[in-house]
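Here's a quick briefing to read alongside the sequence and the model. It goes through the ligand site, the empty space and a few backbone oddities.

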Amino acid sequence: MNNHFLPISEYAAEPIKFIGFTQPHGLFLAIKEPELTILQVSNNILQFLGFAPEDLLNQPLSKLIDNEQINIFRDYLYQQDLQSSNPIEFIIKIGDKNVNFDGVIHRSHDILILELEPTILDKSQVFFKFYPLIKLAISKLKGADSLLNLCQILAKEVRKITGFDRVMLYKFDDDGHGYVIAEEKLEPLESYLGLHYPESDIPRVARELFTSNYTRLIPDTSAELIEIIPRNNPITNQPTDLTNSMLRSASPCHIQYLHNMGVGASLTISLIKDQKLWGLIACHHQSPKYLPYEIRSACEILGQMASLELANKEDNEDSEYKIYLASIQAKLVEYMSIDKNFIDGLTNHEINILKLVNAQGAVICFDGEYIAIGNTPKQKDIQKLVKWINENLQEAIFYTNNLYQFYPDAENFQNLASGLLVVSISRSQKNYILWFRPEVLQTVDWGGNPYQPLEIVEDEGMQVSPRKSFELWKEIVQLKSLPWQPCEVSAALELRNSIIGVILRKVDELQLLNRDLERSNNELDSFAYIASHDLKEPLRGIHNYSNFLIEDYGETLDEDGQSKLRTLMRLTQRMEDLIDSLLHFARLGRIDFSMQQTDFNKILDNSLDLLSPRIEQENIEIRIPKSLPKISCDCIQMSEVFNNLVTNAIKYNDKDKKWIEIGYIENTNPLQFYIKDNGIGIKSKHFDTIFRIFKRLHGPNKYGGGTGAGLTIVQKIVEKHGGKIWVESIYGEGSTFYFTLQSDEL
Ligand code: ADP
């Protein structure tokens with residue numbers, strides 16, 4: 001025999017509702033309205049009523065039921081809610097005996113379906129025995145203090161009412177599989193409590209039936225199947241849709257499944273929350289067991305009551321947590337608005353973003369920086385993950401408790417981040433908040449091997465048959481974290497919106513500040529310009545007078561007096577140089593640049609020409625690896641940038657064999673230029689200082705002097721062009737000055 005497995009989807013497609021068979025404990029009649037002609041009957045009518053199917057097909061219903069009852073029956077058919085009349089009592093004459101039946105009606109598309117089951121209970125028995133039980137059960141359910149307790153009570157009460165050997169409460173998880181959360185059973189039976197069942201045990205099609213038919217009884221799992229005759233309904237020429245038929249036979253696969261579990265009779269009651277199947281009350285009996293319609297509907301009422309209570313309990317348990325999350329969120333928003341920067345607000349307090357979604361680690365990716373708290377993967381892993389998120393995430397939020405399934409690299413950090421919840425703050429800027437949950441190695445007790453749900457047994461004509469082994473099957477579910485609760489997901493989303501609000505507000509504030517700053521910068525430029533301009537004149541006077549003194553009265557002064565005068569002249573000269581530099585710098589802030597397409601090779605040639613005496617004198621090797629591009633800029637100002645940087649590269653070099661390399665890095669935008677030397681180098685602690693005005697790292701006479709304004713001026717020019725400037729250097733080996741310029745060609 002050759003066994004192989006059928007994909008779940010195929011099993012799910014099994015057309016249960018068109019199965020065309022009923023169970024033998026009742027009669028099935030499909031009837032055409034308004035004439036009430038019998039179109040189809042179940043092939044057990046002979047045993048029940050002594051008629052052969054052919055005697056009834058295409059005959060009026062009155063052939064079976066007397067006219068008085070037919071008239072009452074017709075009244076029921078006009079009622080809006082057809083099912084509210086169920087069960088309808090019928091007395092049918094069989095030979096010379098009157099037999100009572102419970103009639104249950106519904107319409108399947110336009111066909112009236114009448115299902116008859118022999119009456120077993122008398123009505124007073126139902127009233128006195130079962131309704132008190134139901135009443136008591138409902139009041140007990142109301143007293144439950146938790147969801148689990150409620151389920152336990154429910155299982156107990158249903159068992160009391162039905163007398164089944166085992167009653168289980170079976171809850172579906174989001175991923176479709178289910179597990180037993182409460183159980184009441186005969187003592188010697190093995191417990192199924194806590195067992196998990198794969199989704200395929202109750203396939204989608206079966207679940208749909210459970211949402212339209214709240215109770216389902218299979219009184220005898222070994223009973224023969226009864227054919228509906230004719231197979232196709234003569235009006236539709238198709239098998240009748242048995243979705244709402246209570247007699248509908250179970251699929252052979254389901255029957256086999258029940259047999260494998262040793263079940264002789266089964267009753268299933270649906271638990272519905274928000275119109276979805278939340279779970280099932282599954283009742284099993286080892287031997288056949290029939291329950292009359294009234295008891296089934298009592299169970300159905302209990303199921304519906306319990307469904308409401310369940311929803312209530314679940315929502316209440318949820319809402320306490322929701323209130324807690326809302327308080328965390330309020331705190332975070334408060335911190336964000338108080339703290340200097342919103343990231344501090346989210347990470348620097350005892351209440352931080354980890355608490356918002358109950359995560360063990362979180363990373364805020366903002367402006368290219370990664371701020372991590374708690375247990376998170378390494379930065380290089382985060383960078384890769386963020387890249388993947390950026391390429392694949394379209395929505396504002398994404399979450400999974402099995403990241404590996406989407407992103408196989410997650411295997412490398414499953415103990416930190418098997419679960420991921422991410423909100424995007426700005427996709428274009430790659431700004432995200434990521435929350436992580438570690439892998440939870442949970443032991444799942446499967447009721448049988450979940451990966452072997454169905455078998456096709458070939459020599460039985462490709463029959464589908466469910467798995468046969470129901471031993472406890474322990475499986476370690478790997479690479480999964482605890483799932484993110486819906487309220488945690490919405491808390492994350494709400495926080496995202498608050499962050500965006502805070503950022504937008506900060507941008508507004510920043511714009512105002514920028515405007516203020518620009519104004520005071522302009523005022524400062526004007527002040528520096530006017531001050532340096534006005535200072536120049538008296539300074540010139542001092543210089544000239546010192547000169548006169550030396551020339552005209554120098555001989556009357558002794559050597560010390562002459563030396564002091566010379567110092568005075570040197571200092572005024574230096575002062576003048578400083579003022580000139582300041583003036584130059586201040587002027588830069590006041591003038592408008594005239595931008596035009598400029599060939600940088602020309603600028604560089606001019607600079608090198610200008611500096612050629614010194615280059616030749618010191619025998620400096622000039623390296624230009626490739627010709628420079630054309631870029632739109634103010635060519636006079638840009639010449640100054642090159643002059644300054646090349647001059648410095650010449651000046652600050654103590655090597656015998658000096659060289660300077662001037663070039664740019666291809667395929668960067670903005671374009672990145674550099675001027676590199678093998679000079680004295682700069683200690684990294686001075687990388688920023690050297691760009692401040694009048695800051696020099698050496699005494700006035702070393703390396704040919706200078707005012708310390710050159711780099712400040714260069715920086716101002718580059719920044720006015722929208723670029724940046726910085727230095728990289730190894731002290732003692734040489735420096736490279738980089739600056740960027742936006743290129744139109746890229
Ligand atoms: P100045 O050259 O007039 O002193 P700069 O603003 O051009 O002023 O430079 C500031 C300081 O930065 C210099 O005094 C020098 O110490 C340092 N510096 C600038 N360029 C270089 C270079 N290529 N190599 C080493 N040090 C440099």
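## Ligand site, empty space and backbone

Helix 19 gives the most to the shell around the ligand, with three residues; helices (H or I, at least four residues) and strands (E, at least two) are DSSP runs, numbered from the N terminus. Bear in mind that this is a predicted model, where local features need pLDDT of at least 70 and side-chain atom pairs count only at pLDDT 80 or more, while totals for chains, interfaces and linings use all residues. Residues are numbered from 1 along each chain as its sequence is written, and side-chain values use heavy atoms, with hydrogens and water left out.

**Around the ligand**

- The shell is made of 21 residues, and the closest are Asn648, Tyr652, Asp677, Arg696 and Leu711 (a residue is near if one of its heavy atoms lies within 4 Å of the molecule).
- Helix 19 (635-651), helix 20 (710-720) and strand 30 (734-741) each bring at least two residues to this shell.
- Sorted by class, the shell has nine nonpolar, eight polar and four charged residues; here Ala, Val, Leu, Ile, Met, Phe, Trp, Tyr, Cys and Pro count as nonpolar, Asp, Glu, Lys and Arg as charged, and the others, Gly among them, as polar.
- Which backbone atoms are paired with ligand oxygens? A backbone N or O atom of Gly708 lies 3.0 Å from a ligand oxygen, one of Gly710 lies 3.3 Å from a ligand oxygen, and a polar backbone atom of Thr707 is also 3.3 Å from a ligand oxygen.
- On its own the ligand has 530 Å² of accessible area, and the protein covers 98% of that (areas come from the Shrake-Rupley method with a 1.4 Å probe).

**The pocket that holds it**

- The ligand sits in the second largest pocket, meaning that more than half of its atoms lie within 2 Å of the pocket's grid points.
- On a 1 Å grid over the protein atoms alone, a pocket is an open set of points with protein on both sides within 12 Å along at least five of seven lines, a cavity is a set where a 1.4 Å probe fits but cannot get out, and lining residues have an atom within 4 Å of a point.
- The volume of this pocket is about 580 Å³, counted as the space filled by probe spheres set on points joined across faces, edges and corners.
- Its lining has 29 residues, with Asn648, Lys651, Tyr652, Gly708 and Gly710 nearest the centre.
- Helix 16 (559-590), helix 19, helix 20 and strand 30 are the elements giving two or more residues to that lining, and helix 19 gives the most, with six.
- The lining's classes come out as ten nonpolar, 14 polar and five charged residues.

**Enclosed space**

- Searching the whole structure turns up three cavities of 30 Å³ or more.
- The largest cavity holds about 460 Å³ of space.
- Its lining has 29 residues, and Asp201, Ile202, Phe210, His254 and Thr268 lie nearest the centre.
- Strand 14 (276-285) gives the most to this lining, with four residues.
- By class, the largest cavity is lined by 19 nonpolar, six polar and four charged residues.

**Backbone oddities**

- Most residues other than glycine have a negative phi, and most peptide bonds are trans.
- Ile229 and Pro230 are joined by a cis peptide bond, with omega about -15 degrees; Pro230 is in the loop between strand 12 (226-229) and helix 8 (252-260).
- Asn669 and Pro670 also share a cis peptide bond, with omega about 0 degrees, and Pro670 is in the loop between strand 27 (659-665) and strand 28 (671-677).
- Lys430 isn't a glycine, yet has a positive phi of about 55 degrees; Lys430 falls in the loop between strand 18 (419-426) and strand 19 (431-437).

Note on methods. Polar contact = N/O pair within 3.5 Å; in protein donor to acceptor, adjacent residues only side chain to side chain.
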